[in-house]
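Hello,

Here is the structure I promised to pass on. Please open it first, then read my notes below.

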Amino acid sequence: MNTFARRWEPDRRGRRAAATGALAAQRGRTSADEARGSYYGVPVIHRAHWHWLIILYFFLGGITGACYVIASIAHLVGPSEDRRLVRAGRYLSFVALVPSPALLILDLGRPGRFYKMLRVVKLRSPMSVGTWGLTVFGGFSALSALVQAAEDGILGRGLRARAVGRWPSKIIGIAGMPWGLFVAGYTGVLLGATAVPLWAKNALLLGPLFLASAFSTAASAIGLALSAAQGTEPATLERLERLERLTIGAELGLLAASRARLSATAAPVTTGTPGALLRYGTVGSGLLVPLGLHAVARLTSEKTGRRLGMLSSVLVLVGGFLLRYVTVVGGHASADDPRATFDYARQEQSGTPA
Amino acid sequence: MSVASEPQESPSGSTGARPGAVGFLTDVSLCIGCKACEVACKQWNQLPADGSVAGSGLTGFSYDNTGDLGATTWRHVAFVEQAPAPTGDLLAGLLGSAPTQMAWLMLSDVCKHCVNAPCLDACPTGAIIRTRFDTVVIQDDVCNGCGYCVPACPFGVPQLGEGDRGAHKCTLCYDRLVDGMEPACAKACPTDSIQFGPISELMPRAVERVTELQNRGVEQAHIYGDRAWGGTGGINGLNAFFVLTAPPETYNLPASPQRPSDQVLPAFLTTAAAALGLGLAAVAALRGR
Ligand code: SF4
Ligand code: SF4
């Protein structure tokens, strides 16, 4: 009960203890000083309760959606030897999809009432449209995986399995693609539509950022699966890596744009542990190093190249996960900072991006 | 931390409150910090005590008991102690002619029952509703504890309960309103710092009060919750509004919060544009040669 009673105390102490930069100047301040710019440093807004379950969902949701989109596009425009890519994309999409509803339900304060989400559709609530989008997309992902399994003979050779195998998977893929894109990107919009300065100020770029990261992690996941399985055409892997490079480029651009848009509000994700994780984990080893590895891989033998490709895929996946982690954890720190909230509320009013 | 000290506009007192809306006028200049409202709220709504640290019942911030609003605190009395600004005039200090007394600012904070409520926008279950009194209420039997209303509220009002994991906040005593009674806090307030009534009556009263305070020399007196302060942006006014005598930040109130859900459509549009771009990138990358 005591931790509840003094729920702001760890934050105040934490902020005092963080002896970096401008924060150092706050040490030794009295509570009268603290009260000057804010109310004793008490957070103005309440932070979200989201943690590992949601971070993992943000990561998997990106992969399930983008894997589906990549598979569908490869099926439409890719050469026939890329059927392995299509197959891997569909299966991976389904594999990443399966835990997603469970993660979301377990995160609820009252998991037994998850179905209450399905009693209304509210276009102003990204969580509402997100739930519906995930539900519809789940159907497409499962259906495409089912057709793929039937084509592959996994469902046996019975009449029914063969009938399923003849379903128009291309058309299903086209119809499911918008939903896959939605699932991969809406989580960024969901964070942006809050009062948390770090998220709200960057609302326009969070969706695109999460989407770009979804593409790069999904391409890496498919690449990893294909490289691990023997017998994938090098040309197929080369096409995937091209996609990886394009999406990594987009992600880097969006990260830079977010940094510029946020300016001082970005402090929670540029300093401390989250800052280090974002700088070295996501940008460094998760984006720049993979780009370098792709360049190096061209100069080596095919076998080494493939190993380097797998390594870069793993790095991209870890970096994508860290991006979600840092965004969520940074949002909590941002919500706890009354000055960030005040500045955001003042700036938005005067309309001047600081 | 730059806190502008001047209200941007003279208090117009205009909000988007719907006809028949009721609400609170909380006037800080009348608050004596007795916390009768906190106690009355907890009693009527059967909320447990909190903030009881080692039996002292105080937070360590002045005489504040609870620190902020939360799942079990729907009225929170903030205590701001303002030391007089040092004049730097040594002689005046020695002669005792410089102001030495602390200024006391007290404010009973509460859910603002926003005209366009961000929590209501965010709630994916429809648990949060607008009542016929134009107040905002969480239906506990519908709420599934998703917690999205918590970061959506720009005033930090709703919170998930420790025990039942549902979101809770002030109901503006909905159960009393339907029986024609005023909310418990307004009933208990001995100085009428908390006044309950139709917005159409309360707002002119607030304008009058601000004018009076300003004429008496309280230059910073202003309304918080009209379209000049607090209830700006898409929020369009607060049905529980305040007469403040210092900048909103002093009381931990954001100056001009925005309605977060106004960002939903633009953000989906930029995401859709990104989806188009990334989809084309995928076509370009995966195309057979
Ligand atoms: S103050 Fe917060 S909880 Fe109250 S109505 Fe407004 S958004 Fe909802
Ligand atoms: S926690 Fe409850 S009241 Fe809040 S948004 Fe979720 S379902 Fe609605």
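How much area does chain A expose, and what share of it do carbon and sulfur atoms supply? The exposed area is about 14,000 Å², and carbon and sulfur atoms supply 66% of it. Keep in mind that this is a predicted model.

Chain A itself
Chain A has 354 residues, and 56% of them count as buried. Its secondary structure comes to 17 helices and zero strands. Now look at the contacts in chain A with a separation of 6 or more. Of these, 77% join residues that sit 24 or more positions apart.

Where chain A meets chain B
The contact involves 83 residues of chain A and 97 residues of chain B. Together the two chains bury about 7,100 Å². Carbon and sulfur atoms give 60% of that buried area. Which three residues supply the most on the chain A side? They are Tyr39(A), His46(A) and Arg124(A). These three supply 12% of the area that chain A buries against chain B.

There are also charged pairs to find. Four salt bridges cross the interface of chain A and chain B. One salt bridge links Arg346(A) with Glu249(B). Their closest N and O atoms are 2.7 Å apart.

Ligand 1
The shell around ligand 1 holds 13 residues. The closest are Cys111(B), Lys112(B), Cys114(B), Cys119(B) and Cys153(B). How does the shell divide by residue type? Ten residues are nonpolar, one is polar and two are charged.

Best wishes

Terms used:
Residues numbered from 1 in each chain as written. Chains lettered and ligands numbered in written order. Predicted model: local features only at pLDDT ≥ 70, side-chain atom pairs only at ≥ 80, totals over all residues. Heavy atoms only, no water. Helix = DSSP H or I, 4+ residues; strand = E, 2+ residues; numbered from the N terminus. Buried < 20%, exposed > 50% of the residue type's maximum accessible area, 1.4 Å probe, protein only. Contact = heavy atoms within 4.5 Å. Areas by Shrake-Rupley, 256 points an atom, 1.4 Å probe, with all protein chains shown as cover. Near = heavy atom within 4 Å. Nonpolar A, V, L, I, M, F, W, Y, C, P; charged D, E, K, R; others polar. Buried area = accessible area lost by both parts, 1.4 Å probe. Salt bridge = Lys/Arg side-chain N within 4 Å of Asp/Glu carboxyl O.
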